[in-house]
Amino acid sequence: MKRSVQSALLFLFLSIPIGLRAQQGLPEVVDALSQGNAQGLSPWLHPTVNLTVIHKEGSYSKAQAEQIVQNFFMDHPSLGFQLLHQGSSGDQARYVIGELKSSDQVFRVYLLYKTLEGEERIQTLRFERNE
């Protein structure tokens with residue numbers, strides 16, 4: 001019994017820094033989306049990104065994804081981003097769902113984070129019309 005309590009405490013103690021590190025990038029990502037700043041989003045992108053922008057989807061390099069997102073922001077300038085929901089799934093991935101308001105419409109934004117070399121990176125990014 002004592003050993004299991006010690007193991008549980010050790011696990012919690014070791015998990016705290018990982019959880020804190022995982023949350024560190026979220027404010028920067030939210031700011032980048034709010035400002036329509038693809039370059040600010042880029043440091044958090046996985047080297048290969050599954051990207052959906054309205055009806056165009058594909059798997060892109062980080063540089064290609066940044067350019068596509070920049071073009072999206074040029075076509076739909078951001079007026080703000082609101083975080084609606086976040087959580088984690090069973091495969092140690094984290095997700096964020098929000099709404100991006102642009103000058104012409106509202107988009108639902110979905111981000112899926114995966115860990116790469118100990119750091120969370122956005123592996124999936126979707127901008128979909130909020131209908």
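Contact here means heavy atoms within 4.5 Å. With that in hand, start at Ala 32 in this predicted model. Ala 32 is part of helix 1, and with a relative accessible area of 3% it is buried. Setting aside neighbours within four places in sequence, Ala 32 is in contact with Asn 37, Gly 40 and Leu 41. Another residue to pick out from here is Phe 81: 49 residues separate Ala 32 and Phe 81 in sequence, while their C-alpha atoms are 9.0 Å apart in space.

Leu 41, one of the contacts of Ala 32, also turns up in the surroundings of Leu 125. Leaving out residues up to four places away in sequence, Leu 125 touches Leu 41, Val 49, Asn 50, Leu 51, Thr 52, Val 69, Val 109, Tyr 110 and Leu 111. Leu 125 itself belongs to the largest nonpolar core, a set of 29 residues. The members that touch the most other members are Leu 33, Leu 51, Leu 111, Ile 122, Leu 125 and Phe 127. Which elements give two or more residues to this core? They are helix 1 (2-35), helix 2 (38-41), strand 1, helix 3, strand 4, strand 5 and strand 6. As general background, nonpolar side chains tend to be buried together in soluble globular proteins.

Now for the rings. A search of the whole structure turns up four aromatic pairs. One of them joins Phe 72 and Phe 107 edge-to-face, with 5.0 Å centre to centre and 75° between the planes. Phe 72 sits in helix 3 (residues 62-75) and Phe 107 in strand 5 (residues 106-116), so this pair ties together parts that are 35 residues apart in sequence. Are these two rings buried or exposed? Phe 72 is buried, at 2% relative accessible area, and Phe 107 counts as buried at 0%.

Step along to Phe 73 and you find an aromatic pair with Phe 127, again edge-to-face, at 6.0 Å centre to centre and 85° between the planes. Here the partners are in helix 3 and strand 6 (residues 119-129), so the pair ties together parts 54 residues apart in sequence. Phe 73 has a relative accessibility of 5%, so it counts as buried under the 20% cut-off. Phe 127 is buried too, with a relative accessible area of 0%. Put the rings together and you get a cluster: ring pairs link Phe 72, Phe 73, Phe 107 and Phe 127. Phe 127 is also among the core residues that touch the most other members.

Charged side chains come next. How many salt bridges are there? The count comes to two. In one of them, the side chains of Arg 94 and Glu 120 meet at 3.0 Å, N to O. This pair links distant parts of the chain, with Arg 94 in strand 4 (residues 94-102) and Glu 120 in strand 6, 26 residues apart. Both Arg 94 and Glu 120 are buried. Arg 94 has an aromatic partner as well: it lies over the face of Tyr 113, at 4.7 Å from the ring centre.

Arg 126 has a comparable pair of partners to look up. It forms a salt bridge with Glu 128, where the closest N and O atoms are 3.1 Å apart, and its charged end sits over the ring of Tyr 110, 4.3 Å from the centre. As for accessibility, Arg 126 is partly exposed at 29%, and Glu 128 is partly exposed at 30%. Tyr 110 also appears among the residues that Leu 125 touches.

Finally, take a look at the backbone. Most residues other than glycine have a negative phi. Ile 54 is not a glycine, yet its phi is positive, at about 60°. Where is Ile 54 found? It is in the loop between strand 1 (45-53) and strand 2 (56-61). Buried means under 20% relative accessible area, so Ile 54, at 18%, counts as buried. Glu 117 also has a positive phi without being a glycine, near 50°. Its place is the loop between strand 5 and strand 6, and Glu 117 is exposed, with a relative accessible area of 78%.

Conventions:
Residues are numbered from 1 along each chain as its sequence is written. This is a predicted model: local features need pLDDT of at least 70, side-chain atom pairs count only at pLDDT 80 or more; totals for chains, interfaces and linings use all residues. Side-chain values use heavy atoms; hydrogens and water are left out. Rings of Phe, Tyr and Trp (its six-membered ring) pair if their centres lie within 6.5 Å; planes under 30 degrees apart count as stacked, over 60 as edge-to-face and the rest as tilted. Helices (H or I, at least four residues) and strands (E, at least two) are DSSP runs, numbered from the N terminus. Buried means under 20% relative accessible area, exposed over 50%, partly exposed in between (1.4 Å probe, protein chains only). A charge sits over a ring if NZ of Lys or CZ of Arg is within 6 Å of the ring centre and within 35 degrees of the ring normal. A salt bridge is a side-chain nitrogen of Lys or Arg within 4 Å of a carboxyl oxygen of Asp or Glu. A nonpolar core is a set of buried Ala, Val, Leu, Ile, Met, Phe, Trp, Tyr and Cys residues joined through side-chain atoms within 4.5 Å.
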